[in-house]
Protein chains: 2
Amino acid sequence: MKNTTADKQARLFKALMHPVRIQILEILRNGEACVCHIEAILGLRQAYVSQQLAVLRRAGFISDRREGPNIYYRIIRHEVLDLLDMARALAGESESTLPLSAGCSCPRCATPIVLLERGV
Amino acid sequence: MKNTTADKQARLFKALMHPVRIQILEILRNGEACVCHIEAILGLRQAYVSQQLAVLRRAGFISDRREGPNIYYRIIRHEVLDLLDMARALAGESESTLPLSAGCSCPRCATPIVLLERGV
DNA sequence: CGATGATATTCAAAAAATCGCATACAATAG
DNA sequence: CTATTGTATGCGATTTTTTGAATATCATCG
């Protein structure tokens with residue numbers, strides 16, 4: 001595998017060239033989320049979401065953390081969000097219309113908002 | 001073809017996911033260039049360069065202008081250079097090492113530098 | 001221990017991108 | 001008009017990506 005500057009740049013863009021991966025990053029923009037959460041928001045199968053998460057992980061954009069049976073993903077290279085913003089502007093879109101909440105069964109979603117706000 | 005915000009963003013990244021196209025944009029960063037020029041700098045065949053230029057043109061990043069037998073390409077969405085810069089930074093590279101001059105037979109290249117500087 | 005729920009990985013088929021070759025086209029020279 | 005030069009496009013073989021289905025793993029509960 002070649003490793004010029006252009007190759008490295010191309011690999012980053014390659015990881016972003018898929019709408020589902022872009023939507024996943026938009027979800028993670030608001031903070032950690034478990035797979036079941038992403039699955040519920042996007043209406044996609046678990047295995048498929050896991051695959052796309054793996055691509056983003058290999059690209060170095062996100063990382064994961066296990067909490068009991070759930071695995072929470074988060075963005076570790078926040079610059080990638082700037083890339084998304086810039087591309088959105090170039091595409092002539094002002095907002096990314098994405099449902100950000102979803103009813104999934106992970107403990108975080110199951111916990112009433114009131115308690116979350118109290119930091120419980 | 002779907003047309004959500006994420007789809008549009010993905011199409012832009014798709015046009016940038018190839019090292020040769022990134023290198024072409026880096027060449028055009030310095031101003032107009034004809035196909036023979038790009039061909040000479042990158043050491044690629046003419047038909048191949050034309051194909052990559054077509055992808056960049058369809059993505060709306062560049063435009064062309066005919067001058068006699070030569071066709072000069074230029075960037076029309078300069079924001080794309082910001083995307084390249086940002087990706088380069090994310091890749092941990094500070095400079096794009098790219099030969100910017102080349103000996104090709106187009107009138108512009110054939111004109112001695114001295115004359116170009118005088119605006120001839 | 002076995003069962004269950006959450007997630008990851010593997011495999012294969014379908015779709016798309018890459019890239020070389022041949023050819024078409026436009027402009028100029030003769 | 002014909003030949004030549006600079007460029008574009010069409011076609012096909014190869015490679016890569018996508019996507020679903022099946023399976024594996026890992027933590028927890030009983």
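The following questions and answers introduce a predicted model with two protein chains and two DNA strands.

Student: How are residues, chains and ligands labelled, and which cut-offs apply to this predicted model?
Tutor: Residues are numbered from 1 along each chain as its sequence is written, while chains are lettered from A and ligands numbered from 1 in the order in which they are written. Side-chain values use heavy atoms, without hydrogens and water, and in this predicted model local features need pLDDT of at least 70, side-chain atom pairs count only at pLDDT 80 or more, and totals for chains, interfaces and linings use all residues.

Student: What relation links chain B to chain A?
Tutor: Copies are superposed by least squares on the C-alpha atoms of residues with pLDDT of at least 70 in both. A turn of 180° with a shift of 0.0 Å along the axis lays chain B on chain A with an RMSD of 0.0 Å. That is therefore the relation of a two-fold axis.

Student: Which residue of chain B has the C-alpha nearest the axis?
Tutor: The axis in question belongs to the turn of 180° that lays chain B on chain A. In chain B, the C-alpha nearest this axis lies 2.7 Å from it and belongs to Phe13(B).

Student: What share of the contact residues of chain B recur in chain A?
Tutor: Contact here means heavy atoms within 4.5 Å. The same surface serves both copies, and the share of chain B contact residues that recur in chain A is 100%.

Student: How are helix α1 of chain A and helix α5 of chain B oriented to each other?
Tutor: Helices (H or I, at least four residues) and strands (E, at least two) are DSSP runs numbered from the N terminus. Axes are lines fitted to C-alpha atoms, for helices over the stretch in contact, and angles run from 0 to 180 degrees between N-to-C directions. The axes of α1(A), residues 5-15, and α5(B), residues 79-90, come within 9 Å and cross at roughly 100°. Because angles of 65 to 115 degrees count as such, α1(A) and α5(B) are roughly perpendicular.

Student: Which residues of α1(B) meet α5(A)?
Tutor: Helices α5(A) and α1(B) pack at an angle of about 100°, with their axes 9 Å apart. From α5(A), the residues involved are Leu83(A), Leu84(A), Ala87(A), Arg88(A) and Leu90(A). Their partners in α1(B) are Thr5(B), Gln9(B), Leu12(B) and Phe13(B).

Student: How many residues surround DNA strand D, and which are the closest?
Tutor: A residue is near a strand if one of its heavy atoms lies within 4 Å of it. By this criterion, DNA strand D is surrounded by 23 residues, the closest being His18(A), Tyr48(A), Gln51(A), Ser50(B) and Tyr73(B).

Student: Which side chain has an N or O atom 2.4 Å from a phosphate oxygen of DNA strand D?
Tutor: A polar contact is a pair of N or O atoms within 3.5 Å; within protein, one must be able to donate a hydrogen and the other to accept it, and residues adjacent in sequence count only if both atoms are side-chain atoms. Base oxygens of DNA strand D lie 2.9 Å from a polar side-chain atom of Gln51(A) and 2.7 Å from one of Gln51(B). The phosphate oxygen is 2.4 Å from the side chain of His18(A).

Student: Which element gives the largest share of the surface near DNA strand C?
Tutor: Among the 23 residues around this strand, Ser50(A), Tyr73(A), His18(B), Tyr48(B) and Gln51(B) come nearest. At least two residues each come from α3 (35-42), α4 and β3 (70-75) of chain A and from α4 of chain B. The largest share, five residues, comes from α4(A).

Student: Which side chain has a polar atom 2.7 Å from a phosphate oxygen of DNA strand C?
Tutor: The side chain of Gln46(A) places an N or O atom 2.8 Å from a base nitrogen of DNA strand C. A polar side-chain atom of Asn70(A) lies 3.3 Å from a sugar or linking oxygen. At 2.7 Å from a phosphate oxygen lies a polar side-chain atom of Arg45(B).

Methods: Angles under 35 degrees count as roughly parallel, over 145 as roughly antiparallel, 65 to 115 as roughly perpendicular and the rest as oblique.
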